[in-house]
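Thanks, everyone, for making time this morning. I would like to walk through one model with you, beginning with a small detail of the backbone and then moving on to the packing.

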Amino acid sequence: MRSVDKAMLLAEYFSLDVSKGVSSFINWIKESETYKVFNDRMHSFRKTYSLKGKKLYEYGRSIHFKKSFSMEEAVVMYGKMLHFINLSDEKFYMNPLIIELSSSNKIVLGEIKIDFDGKVLSLNEVSLLEGYSFDFKKEYIKKALEEWMKEVNEYIVEPKKKLEDKKDVFNMRNVFTLSRIIQFVFISLMLAFMFVIRFSNIEFLNKIYTNEYGNLLGFTYYLLFSYSGIYFVEIIVICFYFFLKFKEYRKNLKLLKIDIDGKVVNEKNKLENYILKQFTNNQTLDAKITSFNSLSRLNAPLFYFAKRSAQNKKILDDKMTEAEIISSSIYAVLAIVFFLIFVISLGGM
């Protein structure tokens, strides 16, 4: 704040007209680097997942400068802006339990800032701070943990449990269903039988290939043999298609197949024990912040299933596709016709 602005504020206290000074002061603020930082922070907060970040964003939205302000009102608003910038440091609203892996992965836990005795201090500063008992420091750590746990519950635990309450959201999808296994085994046996007929030295089978039972049986054999190959390839293609289709689904599902309550308690205890251990010895907290953020891995799968649920993409029981039904029906008819003609031909010998 410039000296001239302080003089203007003093003049206003003596009921002098300083309206031109107010406009000058507001213009100076809006052209300053501080105001640019304020706008940048506000822009970044629009997409924040942090509850503390959301509260700061709402606080920031109340900060605006009007030409109709008195000098006192403009100074108060300027003070609020400076206070917002002080609190909106990324390290103040970070949650070490669910921080995303990004540029923050080089930060150590001790750089995280918390409210402590009316000040905003890093965990390292609190740990090294003299004149405060361990129990006094511990109370503020518990308050910080409570804030972090509220965010964990809002962004991880509750969304997961809401999804679990919905029917058919977390069903396992299988590429090799019972029907496909049966088809695969049957077609493999049939192909083996077709090859035996083609290359066998067994006389009554070899006669099928050489058309000695008649052209009708021979034609049916070649037709069934050809379709067996086509059907075999079709089953492989279908399985490969569903493997790719279910790959992302199964990967996300695997990440969520955990005891979420137990996982949260373990991570919270791990973080708390480390902090208190370092505080006990008045040591810095040099562990990487990413050492405690395994819960962040659940953000992506939760978003994936929440999106599916919003689009009403229910997971139904695995069934045969229309292509499989048509192909299996045609193949069954061909196989029956072939064996009927074969039996009749043997009976006519």
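Before I place the first residue, a word on naming: the strands I refer to are DSSP runs of E with at least two residues, the helices are runs of H or I with at least four, and both are numbered from the N terminus. With that in hand, Asp117 can be placed in the loop between strand 1 and strand 2. Please keep in mind throughout that this is a predicted model.

Strand 1 and strand 2, the latter covering residues 119–122, pair in the antiparallel sense over 4 bridges, and Ile114 has Leu121 of strand 2 as its bridge partner. The two strands form a hairpin with 2 residues between them, and in that turn Asp117 has a positive phi, near 50 degrees, although the residue is not a glycine. As a general point, most residues other than glycine have a negative phi. Asp117 counts as partly exposed because its relative accessible area is 31%, between the limits of 20% and 50%.

Asn282, in the loop between helix 12 and helix 13, likewise has a positive phi near 50 degrees without being glycine, and with a relative accessible area of 42% Asn282 is partly exposed.

Returning to strand 1, the side chains alternate along the strand, with Ile114 and Phe116 pointing to one face and buried, whereas Lys113 and Asp115 point to the other face and are not buried.

That brings me to the nonpolar cores. The largest one has 41 residues, and among those with the most contacts inside it are Leu109, Trp148 and Leu271. Strand 1, helix 7, helix 8, helix 11, helix 12 and helix 13 each give two or more residues to this core, and the largest share, 11 residues, comes from helix 8. If we set aside its neighbours within four places in sequence, Leu271 is in contact with Pro96, Leu97, Leu109, Leu145, Trp148 and Phe292. There is also a second, separate core of 26 residues, which includes Tyr213, Tyr227, Cys239 and Phe342.

Finally, the helix packing: the axes of helix 9, residues 178–199, and helix 11, residues 215–256, come within 10 Å and cross at roughly 145 degrees, and this crossing is left-handed. The residues making the contact include Phe184, Leu191 and Phe195 of helix 9, together with Leu224, Phe232 and Cys239 of helix 11. Sorted by class, that contact has 16 nonpolar, 4 polar and 2 charged residues.

Notes:
Residues numbered from 1 in each chain as written. Predicted model: local features only at pLDDT ≥ 70, side-chain atom pairs only at ≥ 80, totals over all residues. Heavy atoms only, no water. Axes fitted to C-alpha atoms, helices over the stretch in contact; angles between N-to-C directions. Left-handed = near helix turned anticlockwise from the far one by under 90°. Contact = heavy atoms within 4.5 Å. Nonpolar A, V, L, I, M, F, W, Y, C, P; charged D, E, K, R; others polar. Core = buried A, V, L, I, M, F, W, Y, C linked by side-chain atoms within 4.5 Å. Buried < 20%, exposed > 50% of the residue type's maximum accessible area, 1.4 Å probe, protein only. Pairing = 2+ DSSP bridges.
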